[in-house]
Every structure is written in structure tokens, then in C-alpha cells.
Amino acid sequence: MGMNDAEVREHSFQLKEHEWEEIFNSCFDGIWVADGEGKTILVNEAYERLSGVKAKNVLGRSAQELIEAGVLSHSAIPGVIETQKPVTIINKMGGKQLLVTGVPVFDENHKLSRVVCNVRDITQLTELQKEIEKKSELINHYEMEIKKLQEQLQTLDNAPVTRSQAMVHLFETAKRVASTHSTVLILGESGVGKEVLANWIHRMSPRSSQPYIKVNCSVLPENLIESELFGYEKGAFTGAQSSKAGLFEAADKGTIFLDEIGELPLNMQAKLLRVLQEKEIQRIGARQTIHVDVRVIAATNRSLEKMVAEGLFREDLYYRLHVVPFTIPPLRERKEDIPLLISQFLNEFGRIYNREVEMSPVVFDKFMNYHWPGNVRELKNMIERLVVITTKKEITLEDLPEFLRMSPASPDSLWETPSLTTAVKHYEKQLIIKTLEKCRSIRQASQLLKVDHSTLVRKIRHLEIDYKSILGKRFFRK
Ligand SMILES: Nc1ncnc2c1ncn2[C@@H]1O[C@H](COP(=O)(O)OP(=O)(O)OP(=O)(O)O)[C@@H](O)[C@H]1O
């Protein structure tokens, strides 16, 4: 059985005075004892060590007095006397951070008789805390980095968004081709995703960690194409003050994507053929050739076959590029992809513009039935525009631009019955689009439709028909 309180007290009293003193002085924490008025009665050796203040300089003096004399900057004692409750403060002394807790001791009349302060060095603790804070910041930073890398890995693994049989098959074939060195030619109307496929082939290829250089042949000025692609030697022409490597050299061991290859001038086509055949380039003004190991992916929305027939594209280059051709079908021929793309772009722009927007069934129906002459790019731009302009949670018919609002719904759509005027307008628009698709010019279309040229121009404007892209697309049709 243990002792009762009185026995405990009696037991402690057996300690001699010097033993109390030893215990007091061997405490690792500093101890400061003051009387009820705050006058210092005792300080132990640990306190002297921690604070650098000598006992003889503080004994008999009150905390307040010591603060005023500049011996202490703070003390817990005045707070304990005032509140008659324990008080904790942090004090900086002798280059250390000290955690001071003052506790009141009361006599049998409940009068404050002593204030006992415990002083602990928390310098190391604070440093450790700072260290932990720094480390957890670092962990946060690494976690974000890992998340970013995971997202990047996901896009590397994921094939571009598609569901249609034709496209799934196309991407599967492209994945197999990616592992070879073959030159790839990607055909398809503007905006179908030729660049998306080219990117994917590079990412899926053993060259994915090597350079990937994209060149849009239609935007390079004709007089700069050669120097851009093949580079030049110092003094090759006025202004060539130093030698410069071209894009083919920059793409060495990697992939070069030549977009809009149909726009490459004939003399450059000859040089490109040489790279494909000999795997070497010659900088302008150089005598030597340089070996390059570059995989070429070319793309165009023009019919190269037709251009060859018209003498605008070299036949030998055409066959050299045509080793593995991919033709991406227009969006109107793979409508199964539309729902997937809608949801992908609603999410993507929802994230960018911080909006959660849905699409009403009527609008969805319009999207499914529209012929999307600008293909995925047009659909993507349309969704971005709608996400930006709509103020509601749902994109509704009123948000659509007129040409889309007026486009026909699916024949079995139950969402709405168009008025006769709307239906006639739809029919008129479709008829004009179909006719333009067969023609070289508006004039030719007006002859087929048996209306004046000016009447047709007016209708095209009124019905917001994008005649330029419709007439332009003729290039692609064989
Ligand atoms: N399958 C797809 N999944 C997701 N986004 C796509 C897909 N196909 C195309 N896009 C998007 O549509 C837009 C047009 O695609 P891309 O630039 O690849 O078309 P393109 O055929 O190369 O066009 P152009 O002939 O005008 O150069 C891009 O913003 C692209 O991200």
C-alpha cells in the first residue's frame, strides 16, 4: 500500500537542507523562486547557466526592478502576481530562447506566498521546429512535382481522345509505326488532329527523350526556309557573321514535324528529298555534308496527289513521304467522338476558367448534328467561347451563335420542333453548303442554284456560311 499525503510530506522532510540544495542545483531546468511580492528568494545553478545572470545580482530584488534595471527583458512573475494564475512567456537571453513558466504557490490563507518559475532552453526545439517546417515545405514542393510528373506521364500514356473505330485503329497502327524509323505522312482536313497524332507518334517512339522540332512550312518566309532548315556557314551570305545550325541538326536523334508540307517550295522539296534519302544535310555555304539521324513526320491538308499531278509537288518526294500514310477522317465522319470531345473540352476549359458548366440536351443535339467544317479545332474553340460567355451553369440554345443555333437538329430529336421559317432557313443553308462543296467559286454555285451571284453572296452572309473554308477544302478532296 502506498503512503498518504502526510506520510509523503514527512518522508520528504527527512531530506537534509544540503540535500535539498543539491537537488535544486542539479535540476537541468532553471528554477527561480520569488516571494508573494515578487522578490527573488532563490535561483538555481541551471538558471545562471541558461540566462548568464548571476544569482547574487538578482537575489532580494523584485522582477519588476530587474526589468527596469535592464537585467531581465521579461519575467513571468508580475503576470503571476497580477492574475494569481500560471503564466508562460518566451524570453530571449544570452542568445538562447527560454520558455519560462511561472506558477503561483498559496499559503493556508490562500494568499500568494511564492512564485516558482521553471526555465527551459527551447533554442534547439525552436530550431528543430524551423527545420521541420522547412522539411515539410520541401515535402509539399516534391509532392506537387510528383503530381505534375504523374499528370505528364498520364498524357504520355493516354492516346488522344477518341472512341470511333476508325480512329482507335489509326492510333493503334500509329503506335506500332512509332517504334520504327519510318517517315510518316499525316493527311486530313484542317483541325482534325494531325499535329496531335504527330506529337503522339513522337511520344510513343524510342526517340521520345530526344528533341522534337516542329516546323510550320507555311509560315516560314521563302527566302529563310533553307537557312532555317539546314543552317549556314559564316560568310555564306551578307549578314552571316557566324555559323548557325539548322532545325534538322537541332532535331538530330529525334523527330522533326514538318507541318503544311504542301507549302514547301519546289527547290526545298529537292533538299528535303536528299535528307530523307542520304540522311545528310549541307549548310548554306558549306563544302561538307553533315550526317543527321532524324525521323520525319510530315502533315498537310492539301491533296499531295493532286499537287503532284499539277506539277506543284515532286513526285519522288511524294513517294518518299508516302511510306506510311495516315488519313485522319473529318469529325463529321466520326460523330461518336463528339460526346467525348465535348466532355474533355468542358472539363479542360472549366478548369482553366474555373467554371463548372454543363451542356443542355438541345445544345448537345446541335453539336452532334453540326457538320463541323473546322473539325476538332472548331469544336474546341466553340466550347471555350461558350464556357467563357455563359453566366449560367448550363449552356443553352440562346448561348449558341446563330449558325449553330439554326443548324438542323437530329431528325428524331424530340427537343424542339422548328418553325417553318427556321426549317426553310436550315434547308436553304444546307443546300448552299452542299452546292459550294461541289464548286470552285461562289459564281459557279450561283449558276448551279440558278440565282444571281449577288443574291447568293447576300444569302451566304445572312446565313453566316463559312464559304472560304468550304471552298478551301476542295483542295483536300480527291
Ligand atoms: N483527338 C483529340 N483529342 C483532343 N484534342 C484534339 C484531338 N484532335 C484534335 N484536338 C485538338 O484540336 C485542335 C486542332 O488539332 P491539330 O492542331 O492537331 O489539328 P491539325 O489537323 O494539325 O490542324 P491544321 O491542319 O490546321 O494544322 C488542337 O487544339 C488539338 O489539341
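**Exercise 1. Determine whether A198 is buried or exposed, and where A198 lies.**

Solution. Begin with the accessibility: A198 has a relative accessibility of 0% and therefore counts as buried, where buried means under 20% relative accessible area, exposed means over 50%, and partly exposed is what falls in between (1.4 Å probe, protein chains only). Next, place the residue: A198 belongs to helix α9, helices being DSSP runs of H or I with at least four residues and strands DSSP runs of E with at least two, numbered from the N terminus. Finally, consider a spatial partner: the C-alpha atoms of A198 and K214 are separated by 9.6 Å, and the two residues are 16 residues apart along the chain.

This is a predicted model, in which local features need pLDDT of at least 70 and side-chain atom pairs count only at pLDDT 80 or more, whereas totals for chains, interfaces and linings use all residues. Residues are numbered from 1 along each chain as its sequence is written, and side-chain values use heavy atoms, with hydrogens and water left out.

**Exercise 2. Describe how α8 and α9 pack, and state which aromatic pair F171 and W200 form.**

Solution. Two packed helices are described by the angle between their axes and the distance between the axes. For α8 and α9 the angle is about 45 degrees and the axes are 8 Å apart; axes are lines fitted to C-alpha atoms, for helices over the stretch in contact, and angles run from 0 to 180 degrees between N-to-C directions. This makes α8 oblique to α9, given that angles under 35 degrees count as roughly parallel, over 145 as roughly antiparallel, 65 to 115 as roughly perpendicular and the rest as oblique. The handedness comes next: α8 passes α9 in a right-handed crossing, that is, the near helix is turned clockwise from the far one by less than a right angle, anticlockwise being left-handed.

Turn then to the rings. The structure holds 9 aromatic pairs, and among them F171 and W200 form an edge-to-face pair, at 5.3 Å centre to centre with 85 degrees between the planes. Rings of Phe, Tyr and Trp (its six-membered ring) pair if their centres lie within 6.5 Å, and planes under 30 degrees apart count as stacked, over 60 as edge-to-face and the rest as tilted. F171 lies in helix α8 (residues 165–178) and W200 in helix α9 (residues 194–204), so the pair ties together parts that are 29 residues apart in sequence. Both F171 and W200 are buried.

**Exercise 3. Work out which pair Y318 and Y319 form, and which of the two is buried or exposed.**

Solution. The geometry of Y318 and Y319 is edge-to-face, with 5.2 Å centre to centre and 65 degrees between the planes. Their accessibilities are then read in turn: Y318, at 8% relative accessibility, counts as buried, whereas Y319, at 52%, counts as exposed.

**Exercise 4. Find which residues of α21 are buried, and where they lie around the helix.**

Solution. In helix α21 (residues 453–462), the residues T455, L456 and I460 are buried. Seen down the axis, the buried residues of α21 fall within an arc of 135 degrees, so they line one face of the helix; the arc is that of the directions from the helix axis to the C-beta atoms. On the face turned away from this buried side, α21 carries the exposed residues S454, R458 and R461. After α21 comes E464, whose phi is positive, near 50 degrees.

**Exercise 5. Characterise W372 and E260: what is the phi of each, and where is each found?**

Solution. Most residues other than glycine have a negative phi, and most peptide bonds are trans. W372, which is not a glycine, has a positive phi of about 40 degrees, and its place is in the loop between α16 (361–369) and α17 (375–389). W372 is buried, with a relative accessible area of 0%, and F367, Y370, W372 and F403 form one aromatic cluster. E260, likewise not a glycine, has a positive phi of about 55 degrees and is found in the loop between β10 (255–259) and α12 (266–278). With a relative accessible area of 21%, E260 is partly exposed.
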